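Colleague: Could you walk me through this one the way you'd read it yourself? I'd like to start broad and then go into the details.

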Amino acid sequence: MSRIPSKFLPVISDTGPIIALFKLGLWEQVIEKYDLVLVENVVKQAIFYEKDDGTQHPIDLKPWITGGQIRVAQVTLEQAGAFFKRFDANYTERFDEGELESLAYLTIAGKEVLIVSRND
């Protein structure tokens, strides 16, 4: 069995890797090879990337969502609350909303998944 993730192993992504993939021009290749799962806060946060010259370029994930290449995962308030109860505020304050929602989804996914994050 290959150790390389594929469409058979879902990948939960935070906002940072999405922005980096767009900036590097690798977005299309990644979504062709991976079963990408995003939570709602990540979709809301991934709105633009910035080139090295400072120009901003918009990101619109809707075509890939409606086309079925990206799945958007739902985390209910109850599920998020159960996740937050596992940690004290000092821990959860270190993360943004997209990271926290992604981690909460990871705990309820019910199957083996990968998670990617990037902290600048």
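**Reading the fold**

Modeller: Of the 120 residues of the protein, 35% count as buried. Keep in mind that this is a predicted model.

Colleague: What is the secondary structure, and in what order do the elements run from the N terminus on?

Modeller: You've got 7 helices and 6 strands. Going from the N terminus, the order is β-α-α-β-α-β-β-α-β-α-α-α-β.

Colleague: How do I read the radius of gyration here?

Modeller: Set it against what a compact globule of that length would give. With 120 residues that would be near 14 Å, and the protein has 15 Å, which agrees. The C-alpha trace spans about 40 × 40 × 25 Å along the principal axes. For the contacts, take pairs at least 6 apart in sequence: 73% of them join residues at least 24 apart.

Colleague: On to the sheet. Which strands form it, and in what order?

Modeller: Read across the sheet rather than along the chain. The order is β5-β2-β1-β6, an open sheet of 4 strands with parallel pairing. β5 (70–73) and β6 (114–116) are at the edges with a single partner strand each, so one side of each has no neighbour in the sheet. On average, neighbouring strands are turned by 30° against each other, direction ignored.

Colleague: How many bridges join β2 to β5?

Modeller: There are 4, and the two strands run parallel, with β2 covering residues 36–39. If you want a spot to look at, L38 stands opposite V72 in β5.

Colleague: And which helix packs on the sheet?

Modeller: That's α7 (residues 97–108), which touches β1 (11–13), β2, β5 and β6. The direction of α7 makes about 120° with that of β2.

Colleague: What about the loop before β2? Is D35 buried or exposed?

Modeller: The idea is to compare the relative accessible area with a cut-off, and under 20% counts as buried. D35, in the loop between α2 (27–33) and β2, has 16%, so D35 is buried. Then look for a polar partner: the side chains of D35 and R71 are joined by a polar contact of 2.8 Å.

Colleague: Which residues of α1 are buried?

Modeller: Go through the helix residue by residue. α1 (residues 15–24) is mostly covered, with 7 of its 10 residues buried. They are T15, G16, P17, I18, A20, L21 and F22. Right after α1 comes G25, with a positive phi near 75°.

Colleague: Which residues touch the most other members of the largest nonpolar core?

Modeller: For a core, count the contacts each member makes with the others. Among the 27 residues here, I18, F22, W27, L61 and Y105 touch the most other members. Elements giving two or more residues are β1, α1, α2, β2, β5, α5 (77–85) and α7. β2 gives the most, with 4 residues.

Colleague: Take I18, then. What does I18 touch beyond residues up to four places away in sequence?

Modeller: Leaving those neighbours out, I18 touches S13, W27, L38, V42, A46 and L61. L38 is the residue opposite V72 that we met in the sheet.

Colleague: One last residue: where does N41 lie, and what does N41 touch?

Modeller: N41 sits in helix α3 (residues 40–45). Not counting residues up to four places away in sequence, N41 touches E97, G98 and E101. For a sense of sequence versus space, N41 and I115 are 74 residues apart in sequence and 15 Å apart, C-alpha to C-alpha.

Conventions: Residues are numbered from 1 along each chain as its sequence is written. This is a predicted model: local features need pLDDT of at least 70, side-chain atom pairs count only at pLDDT 80 or more; totals for chains, interfaces and linings use all residues. Side-chain values use heavy atoms; hydrogens and water are left out. Two strands pair if DSSP finds at least two bridges between them. Axes are lines fitted to C-alpha atoms, for helices over the stretch in contact, and angles run from 0 to 180 degrees between N-to-C directions. Contact means heavy atoms within 4.5 Å. Buried means under 20% relative accessible area, exposed over 50%, partly exposed in between (1.4 Å probe, protein chains only). A polar contact is a pair of N or O atoms within 3.5 Å; within protein, one must be able to donate a hydrogen and the other to accept it, and residues adjacent in sequence count only if both atoms are side-chain atoms. A nonpolar core is a set of buried Ala, Val, Leu, Ile, Met, Phe, Trp, Tyr and Cys residues joined through side-chain atoms within 4.5 Å. The radius of gyration is taken over C-alpha atoms; the globule rule is 2.2 Å times the number of residues to the power 0.38.
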